[in-house]
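This report follows the fold through its sheet, the loop before one of its hairpins, and two of its helix contacts. Please keep the model in view while reading.

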Amino acid sequence: MASDGLLNGLKLYGSWASPYTHRVQLALKLKGLEFEYIEEDLTNKSTSLLLHNPIYKKVPVLLHGDHSIVESVIILQYIDETWTDNSLLPSDPYERALVRFWCYFIDDKLGTTLGTVFKSAGEEQKKAVSEVHENLKLVEGELQEGVFKGRRFFGGEKIGLLDIVLGCGSYWLSVFEKVADVKLIDSEMFPLFCSWLKDFEEQPEVKEIIPAIDKLLEYAHGVRQLMLSLSSTAGDPTTTTTTITGDDQGSKD
């Protein structure tokens, strides 16, 4: 299994700080697949990246032989369907549908509001923080009373697809708190979510892919200052937002 990725020419175009890239890296590690990683400069994208993702021009992009697969959640499902050992999706059709719904929620709702927290200030930021809390309450409620109640991970006793999607990005919460001087997570408000996140981050495969917190803080601080500067000069910081959380955000499947 471990050599299968190289035999099939697995290559991953990504960015070191991108949680969307981290999603794919983690899935490949959990599957025991080897792959070639190609770091992209998001301010000067390579001709190879633009060739393999000409529509969205974003990372991550997974190359499997002659095939290009784009959009992180789609890539995760492709990996799970191609290499069926250590399944990331549940076998039950209804539960698979729930996993896909919450994956969409995370990118469409939670990820969007987190991006607003990071690039804004004042009342706009305060409103975005409140929306993040409301979104996390929904996740907490699902852990407390939903299908995933009583589980160690959303995938059961092992990390599943929803864990990957939510977990690869949740570590940015503490970074955003420090850089933007806000309070996003609290163990009293979201005890089940915080317990799940701590367990997720302690997994050896996760530790291998999450960059050092000091490096993330330095990077995030620089990007936020740039965003606020663009905003104050009547520029549009939205084009810069993807450089902090990765290039996959903004396009929906």
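Which residue in β4 does L63 stand opposite? The model shown here is a predicted one, and in it L63 stands opposite S68 of β4.

## The β3–β4 hairpin

Strand β3, which covers residues 61–64, is joined to β4 by four bridges, and the two strands run antiparallel. Besides the placement of L63 opposite S68, the pairing sets V61 against V70, its bridge partner in β4.

The two strands form a hairpin with two residues between them, and in this turn G65 has a positive phi of about 65°.

## The open sheet

The hairpin strands belong to an open sheet of four strands, arranged in the order β2-β1-β3-β4 with mixed pairing. Its edge strands are β2 and β4, the latter spanning 67–70, and each of these pairs on one side only. With direction ignored, neighbouring strands of the sheet are turned by 20° against each other on average.

The helix α2 packs on this sheet, where it touches β1, β2 and β3, and its direction makes about 155° with that of β1. An angle over 145 degrees counts as roughly antiparallel, so the direction of α2 is roughly antiparallel to that of β1.

## The β1–α2–β2 crossover

In contrast to the antiparallel run of β3 and β4, strand β1 (residues 10–14) pairs with strand β2 (residues 36–39) in the parallel sense, over four bridges. Within this pairing, L12 stands opposite Y37 in β2. Between the two strands the chain crosses from β1 through helix α2, residues 19–30, to β2, and the resulting β-α-β crossover is right-handed.

## The loop between α3 and β3

Two backbone features fall in the loop between α3 and β3, and they are best read against a general expectation. Most residues other than glycine have a negative phi, and most peptide bonds are trans.

K57, placed in this loop, has a positive phi of about 60° although it is not a glycine. P60 also has its place in the loop between α3 (47–52) and β3, and the peptide bond that leads from V59 to P60 is cis, with omega near 5°.

## The contact of α5 with α8

Two packed helices are described by the angle between their axes and the distance between the axes. For helix α5 (residues 93–119) and helix α8 (residues 172–180), the packing angle is about 25° and the axes lie 9 Å apart. The two helices are therefore roughly parallel to each other, and α5 passes α8 in a left-handed crossing.

On the α5 side the contact involves L114, V117 and F118, which meet L173, F176, V179 and A180 in α8. The residues of this contact divide into seven nonpolar, no polar and no charged.

## The contact of α6 with α9

Helix α6 (residues 122–145) and helix α9 (residues 191–201) pack at an angle of about 85°, and their axes are 8 Å apart. This angle makes α6 roughly perpendicular to α9, whereas α5 and α8 are roughly parallel.

From α6 the residues L136, V139, E140, L143 and Q144 take part, while α9 contributes P191, L192 and F193. By class, the contact of α6 with α9 has six nonpolar residues, one polar and one charged, whereas the contact of α5 with α8 has no polar and no charged residues.

Key. Residues numbered from 1 in each chain as written. Predicted model: local features only at pLDDT ≥ 70, side-chain atom pairs only at ≥ 80, totals over all residues. Heavy atoms only, no water. Axes fitted to C-alpha atoms, helices over the stretch in contact; angles between N-to-C directions. Parallel < 35°, antiparallel > 145°, perpendicular 65-115°, else oblique. Left-handed = near helix turned anticlockwise from the far one by under 90°. Contact = heavy atoms within 4.5 Å. Nonpolar A, V, L, I, M, F, W, Y, C, P; charged D, E, K, R; others polar. Pairing = 2+ DSSP bridges. Right-handed = clockwise from strand over helix to strand, strands pointing away.
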